[in-house]
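Open the model in your viewer and keep the selection panel at hand. The stops below say what to select and what to look for.

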Amino acid sequence: MRDLLQRPGSVLDEWLEAQRRAGVARPDLIDESQQREESAQLLSLLGGALADTLPVFPDDPAWDELRTYLDRLAESRAVDGFSPTETARLMLTLKDVVFKALRDKVPQVPADAWADFDELTRLLDTLALYSSEVLQRSREAIIERQQQDMLELSTPVVQLWDGIVGVPLIGTLDSRRARLVMETLLDNLSETKSSVAIIDISGIPTVDALTAQYLTRTAAAVRLMGAECIVSGIRPQIARTIVDLGVTLDGLPTRATLAGALALAFERTGCTVEPSA
Amino acid sequence: MARVPILRIGDCLVVTVHADLDDGSAVTLRDDLAGRVAAISARGVLIDVSALDVVDSFVARMLGDVARTVSILDAETVISGLSPAVAMTLVEMGVTIPHTRTALDAQNGLRLLGIVMAPVRESVRCD
Amino acid sequence: MRLTGEADLGRLRRRLRTLLPNASPFVLTRILTVASELGRNVLVHGGGGRCDILPPAPDLRLFRLRFADEGPGIVDIERALGDGYSTNGGLGLGLGGARRLSETFHIDSAPGRGTRIRVALPC
């Protein structure tokens, strides 16, 4: 088969034609140059991976390049709107080309030839199914990420005082939710013209490097809008985790309690609290 | 795009950026500001970007250049009016605008520069 | 749409705004920013090129753009996507920043083969 792939010129054209015959070229979703480019690349990577003995897919490192390419291609197909079947057929149509070449090459069919044929068929089917599988997973991942949006987890922003707002965070903070929190907080700052935002994390079970990144990012955005951020509700074990992880909070002021954060916020906004006489 | 007008308030300069700031106008703005800052020995520049719904890394770099130039002339730069969407996008991209302070809006920006807009006194009726 | 000069970037942004009249400011700004970054790359590094708005992915609520140029291509893609990479003394964060803002980001570039970038953003 490697010999066959060595003359990529005619193989590519025949394969593109086979794709068109099978109805999987989909010129309505991708243009011809993209189709040609991707098929050419696949042929090249396929040829590169094959040696005298057929390496096992996907484990053999000989397949790494092709596998990485298939990962990207499958994700791209998901976004382009291809169905899993169409994507699977992409590799399967290569069979048409190869079988034809084999048939021509070996008019009488000895047993070894059939064995090769068999192995070959199995390999191509496996490659097809692999890309189909990754496509499915990509679609699911994208849909799931989109659906997180619809989760109307209310992220209330509370007006604690003139110019001071509070955001109590509860539960785990994933990227979708973090984004929603940031959007809500920033919109609120714009509307209320507040100058201090207190983010209370006492309701968050753990703080890892990612959560710390959400916090520093939110603080940076708040700062760009001319306000400042204070993080409150830092429990002792959270403080330990932060130190252990070597996570830096980039100079973001932190307080153990909401009260402590409020006191700091008052300071920053030039308010003093006095007991009534 | 037309030259961006530069206003003067006391010893500070105020610029309101509108619509799409392109390559040419951004460079012109930087040079114009530098000139004016030097000419009046300004101590502060306020750049209001509240009309912008996009600030990409190029515009951010231009703003940073302005601020750096102005700071060499011993004046400071305040940028006001970054919208929630723009602020968030800049942060997600990892783009910063160094040498600047930021304010929510122009009024706060002027306050940061030490300029407080006094309320207009009501006229007294004489009967 | 062809991208040959600075004015085309403005045109592209105006077109995107009319195509997304109901988008939230966060969505719109993100899309405009990615378009500006990648469009400017086409102008500055690609010697001009084009931007096409691709059909949206069905049921995935993604807005898709493709940028293409026949410029010199990118020598080291991974490095170009990392922070601080720049060939002309700029911030160099355009490409990496654009990727961070995108849901999916596919780049195909090599010396002598120009550059093609396809992005999908939530909308």
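The tour goes through a predicted model chain by chain and then across the contacts.

**Chain A, domains**

Select residues 2-108 of chain A, then residues 158-269. These are domain 1 and domain 2, into which chain A is divided. Place a centre on the C-alpha atoms of each: the two centres of chain A lie 51 Å apart.

**Chain B, sheet**

Hide chain A and show chain B as a cartoon. Its 5 strands make an open sheet with mixed pairing, in the order 1-2-3-4-5. Select residues 6-9 and 100-103 of chain B: these are strand 1 and strand 5, which stand at the edges with a single partner strand each, so one side of each has no neighbour in the sheet. From one strand to the next, the twist averages 25 degrees.

Now select residues 44-48 and 76-80 of chain B. Strand 3 and strand 4 of chain B pair here in the parallel sense, over 5 bridges. Which residue of strand 4 is the bridge partner of B:Ile47? Label B:Ile79 to see that partner.

Add residues 57-72 of chain B. This is helix 2, which lies across strand 3, strand 4 and strand 5 of chain B. Helix 2 of chain B runs at about 150 degrees to strand 4 of chain B.

**Contact of chain A and chain B**

Bring chain A back. The contact draws on 15 residues of chain A and 12 residues of chain B. Chain A and chain B bury about 1,300 Å² between them, with 70% of it on carbon and sulfur atoms. Show A:Arg217, A:Leu224 and A:Met225 as sticks; they supply 46% of the area that chain A buries against chain B, more than any other three residues.

For the polar part, 2 salt bridges are found across the interface of chain A and chain B. Draw a distance between A:Arg179 and B:Glu92, which form a salt bridge whose closest N and O atoms are 3.1 Å apart. On the side of chain A that touches chain B, helix 7 (175-192) and helix 8 (209-224) of chain A each supply at least two residues. Helix 7 of chain A gives the most to that side, with 7 residues.

**Contact of chain C and chain B**

Hide chain A again and show chain C. Here the contact takes 22 residues from chain C and 19 residues from chain B. About 1,800 Å² is buried between chain C and chain B, 57% of it on carbon and sulfur atoms.

Between chain C and chain B the count is 3 salt bridges. Select B:Asp56 and C:Arg40: they form a salt bridge, with the closest N and O atoms 3.5 Å apart. Colour helix 1 (6-19), helix 2 (25-44) and helix 4 (94-101) of chain C, the elements that give two or more residues to the side of chain C that touches chain B. The largest share of that side comes from helix 2 of chain C, with 10 residues.

**Chain C, sheet**

Leave chain C alone on screen. Its 5 strands form an open, antiparallel sheet in the order 1-2-3-5-4. Strand 1 (2-3) and strand 4 (104-109) of chain C are at the edges; each has a single partner strand, so one side of each is left without a neighbour in the sheet.

Select strand 4 and strand 5 (residues 115-122) of chain C, which run antiparallel and are joined by 6 bridges. Label C:His106 and its bridge partner in strand 5 of chain C, C:Arg118.

Finish on helix 2 of chain C, which lies across strand 1, strand 2 (49-57), strand 3 (62-69), strand 4 and strand 5 of chain C. Helix 2 of chain C runs at about 175 degrees to strand 5 of chain C.

Note on methods:
Residues are numbered from 1 along each chain as its sequence is written. Chains are lettered from A and ligands numbered from 1 in the order in which they are written. This is a predicted model: local features need pLDDT of at least 70, side-chain atom pairs count only at pLDDT 80 or more; totals for chains, interfaces and linings use all residues. Side-chain values use heavy atoms; hydrogens and water are left out. Domain bounds come from an automatic or database domain assignment. Two strands pair if DSSP finds at least two bridges between them. Helices (H or I, at least four residues) and strands (E, at least two) are DSSP runs, numbered from the N terminus. Axes are lines fitted to C-alpha atoms, for helices over the stretch in contact, and angles run from 0 to 180 degrees between N-to-C directions. Contact means heavy atoms within 4.5 Å. Buried area is the accessible area (1.4 Å probe) that two parts lose on being put together, summed over both. A salt bridge is a side-chain nitrogen of Lys or Arg within 4 Å of a carboxyl oxygen of Asp or Glu.
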